[in-house]
Amino acid sequence: MFKSIAVRKSQGTQYIPDLRAATPGGFRGKPVISDAACADGCQACVQVCPSRAVRLEPTQPDPVHIDLGRCVLCGDCEPVCPSRKLSFNNDVKLCATSREALTVSSAHPNLDPIKVSKALHKRFGRSLKLRSVSAGGCSGCEMEINALSNVNFDLGRYGIDIVASPRHADALVLSGPITRNMAQALQICWDAIPEPKLVIAVGACAISGGVFADSDALDRQFLDNFKPALYVPGCPAHPLTFISGIMDLLGIAP
Amino acid sequence: MTTAQALALFPLRDIAATSLQELMQLCGQRLQAGERLLTLFGRPAPELGVNIIVVTAVLQPAQGALVILRATAQRGEHYRCLTAQHPAAQIFERELWEQTGLFPDDHPWLKPVRFEGERQQRMLEYPFFKVRGQEVHEVGVGPIHASVIEPGHFRFMCLGENVHHLEIQLGYQHRGVEGLLLRRPVWQLTPLVESICGDSAVAYAWGYGAALELMSNQPVAPAIQASRAIALEMERIAMHLATLGGMATDIAFLQGGATYGRLRTAIINASQRVCGNRFGRGWIRPGQAKPLSEALQQDLTRTLRAFAPDFTQINQLMLAARSVQARLHGTGTVSQQAALDLGLTGPVARASGVALDHRTQWPGAAYGHAPLPMVTEPDGDCWARMRLRMREVDASLAWLLQLLGDTTLNLSQAGQAQSSTPAALQAEALCVSLVEGTRGPVLQVLETSAKGELRHYKVQDPSTANWFGLAFAMRDNAISDFPICNKSFDLSYCGNDL
């Protein structure tokens, strides 16, 4: 009993009071693309990228475009750029509500702020139950999704909880590139969630296939049929990326 | 054997290729003599002929260097299985059959390891092992489980409350890693290698980087080795904490769950301050490791010093709680003999009294500089696996503090000493790379062609050998014991499924 109280005392208060304002020290987050001119014919960033996240359009004033739906935030493009055009800051706010909105360039350095969905706010603004499905993940995103409920992030304070049964869920949190071996189980789980329901795609794998996009062991048809309401980039997605995205979408006041 | 963990390069011309029958016979003799089968795998060898399969076995004697055995075989060839005599071979023979079609006669349980290739999405057709009898019932769970966890299917065959047999079906995470590793330039594979098993990103990246450095004859400085070992021990502490937190939660010891969770956050956030990522991604690249500036060394030291007393305190609370003792003692026991017979490895084997840790057996530069003690527990139950993790964290903690206080290591110079310029790899060579990760030895075997191109990349997670240990541990326990048995083993699904 006394030992238990002692542990409680050293535990202290661990929750992050303002989740939207939290900045993770040292996090390699949003790619920053400067105005520096590209070297003639240089393809270094495209060639080194493990997930084809970099697109070059040499004729445009902002030739380098990075798709955060593909980017695994590995940072390998930074040292190979002879023009020192690329860097990463610790911004965790990387979410978007459409696939197209995930691209950044020097002319468009920031993602558009997520607009509150009035419909989602009304229905789920005070209570959103999540069912997570790992469909070929590496366990990284799964561990970060688990972290959402720990004493630090404590997303449960806003009524956002992870539940065991799809019957109790409002949203399917999808991680992993969707392997052929998991495609059927994923569909069964989705069918078991009652309407209204939404998909949240977490991590580069779920959004685009990530580093596994070229594999023929995948079957991503599920996403042809059900568009995610929220895209949460990262590899793995940082808990604060998820949190800021979902709070903005549901219009949750801090 | 060279430095930097167990790492060895074998020119192919030095390895005589025998027939498949001879290789299996030799393997059997060596297993009989007490050697460990680290891996046994095959690959199609189009350079030798349309239907030719090259088979490689890697064995570890009690002392001395690794042993490589090679054979060439015809597709579809049969051989007398090793598994009937040596159960440790069961998973390798199953994988060899699944990937190449070589058929082990009399294998007691020839089941696909991960339902890859043509077998994809045919898991529903698989006939599970049947136990028949009036009081027998079956319970199937998964692939999707109650918590946030990777997918796998578990089928319990029960006699009353007792689990008579557990059949584990994996492969749901199979995303074709081994094939993808051959599609991109060999020096640019780290982000993919870090995604083979995302919670062991450091162990995998180190093993891969070390293999390329050896194959291109570009050894790295001791400071780089030390920085990598620091990353690996941070990863070990974080993952052991995840397991301890999971075990506490699974037996409703909620204070443990909350506290271990908070302590793990402190460790992974410190890793992020070094390398930009909470899972150590980006810490290691071929020829490189993140330098640890004076400020970062002090930061890590401060974090670990603050962590240590709180960790000791919660451990004492957990170990003294009678509810914890009653739940874990004698649950899911694997005897030392069973662990040896099944070829179990890593912490799971050490918790059954098997003294096997590559950090102490082949310390390399980093662990040679400051040796780590081998930790074992005798009892082989859930309690032993919990205690072992607590003690391993303590050992890693003391080791980290020693290294971080050692000014002779020049940790701030780590990243700068070497370039990672793509150099030619030695042609016609086989490189075996072993790193003792959180779950045991992460094994990677790279083979080059006559042109020095990567021809085959074999990946083997320690979990692959250990999954059967979990099935074995469940025998004569109740289904309600499964969550803690599973958590105490803490095996990787994605590492197995590739």
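Helices (H or I, at least four residues) and strands (E, at least two) are DSSP runs, numbered from the N terminus. With that in hand, welcome to the tour; the model on your screen is a predicted one.

**Stop 1: two annotated spans in chain B**

Select residues 18-112 of chain B. UniProt, in an unreviewed entry, gives this stretch as "domain: NADH:ubiquinone oxidoreductase 30kDa subunit". Colour the span by secondary structure and you will find 25% helix and 36% strand. The C-alpha atoms at its two ends are 26 Å apart.

Now move to residues 262-406 of chain B. Here the unreviewed UniProt entry lists "domain: NADH-quinone oxidoreductase subunit D". Helix accounts for 63% of this span and strand for 3%. A line drawn between the end C-alpha atoms covers 28 Å.

**Stop 2: three helix pairs**

Show chain B as a cartoon and pick out helix α5 (residues 201-215) together with α6(B). Their axes come within 8 Å and cross at roughly 155°. Angles over 145 degrees count as roughly antiparallel, and α5(B) and α6(B) are therefore roughly antiparallel to each other. The crossing of this pair, α5(B) and α6(B), is left-handed.

Next, select α7(B) and helix α8 (residues 294-320) of chain B. The two axes cross at roughly 165° and come within 10 Å. That angle makes α7(B) roughly antiparallel to α8(B). Look at the handedness too: α7(B) and α8(B) cross in a left-handed way.

Keep α8(B) selected and add helix α1 (residues 2-11) of chain A. The axes of α1(A) and α8(B) come within 10 Å, with a crossing angle of roughly 150°. Helices α1(A) and α8(B) are therefore roughly antiparallel to each other, and their crossing is left-handed.

**Stop 3: the largest pocket**

Switch on a surface and centre the view on A:Asn146, B:Ser147, B:Val148, B:Gly246 and B:Lys487. Of the 50 residues that line the largest pocket, these five lie nearest its centre. The space in the largest pocket comes to about 1400 Å³.

Which elements supply at least two residues each to the lining of the largest pocket? From chain A, select α5 (140-147) and β7 (160-162). From chain B, add β9 (153-159), α6 (222-250), α7 (254-275) and α16 (482-489). You will recognise α6(B) and α7(B) from the helix pairs at the previous stop. Colour the lining by residue class and you should count 27 nonpolar, 14 polar and nine charged residues.

**Stop 4: the enclosed spaces**

Rolling a probe the size of a water molecule over the atoms shows where empty space is left. In this structure there are ten cavities of 30 Å³ or more, and the largest cavity has a volume of about 170 Å³. To find the largest cavity, zoom to B:Ile91, B:Arg94, B:Trp109, B:Ile168 and B:Trp467, which lie nearest its centre among 18 lining residues. Two or more lining residues come from each of α2 (90-100), β10 (162-169) and α15 (462-473) of chain B. By class, the lining of the largest cavity divides into eleven nonpolar, four polar and three charged residues.

**Stop 5: backbone details**

Most residues other than glycine have a negative phi, and most peptide bonds are trans. The last selections show some exceptions.

- Select A:Glu195 and A:Pro196: the peptide bond joining them is cis, with omega about -10°. A:Pro196 sits in the loop between α6 (180-192) and β9 (198-202) of chain A.
- Select B:Gly142 and B:Pro143: a cis peptide bond links them as well, and omega is about 15°. Look for B:Pro143 in the loop between β8 (136-141) and β9 of chain B.
- Select B:Phe115: this residue, which is not a glycine, has a positive phi near 50°. B:Phe115 belongs to the loop between β7 (103-105) and β8 of chain B.

Key
Residues are numbered from 1 along each chain as its sequence is written. Chains are lettered from A and ligands numbered from 1 in the order in which they are written. This is a predicted model: local features need pLDDT of at least 70, side-chain atom pairs count only at pLDDT 80 or more; totals for chains, interfaces and linings use all residues. Side-chain values use heavy atoms; hydrogens and water are left out. UniProt positions are given in the numbering used here, feature names are shortened, and annotations may be inferred rather than shown by experiment. On a 1 Å grid over the protein atoms alone, a cavity is a set of points where a 1.4 Å probe fits but cannot get out, and a pocket is an open set with protein on both sides within 12 Å along at least five of seven lines; lining residues have an atom within 4 Å of a point. Grid points are joined across faces, edges and corners, and a volume is the space filled by probe spheres set on the points. Ala, Val, Leu, Ile, Met, Phe, Trp, Tyr, Cys and Pro count as nonpolar, Asp, Glu, Lys and Arg as charged, and the others, Gly among them, as polar. Axes are lines fitted to C-alpha atoms, for helices over the stretch in contact, and angles run from 0 to 180 degrees between N-to-C directions. Angles under 35 degrees count as roughly parallel, over 145 as roughly antiparallel, 65 to 115 as roughly perpendicular and the rest as oblique. A crossing is left-handed if the near helix is turned anticlockwise from the far one by less than a right angle, and right-handed if clockwise.
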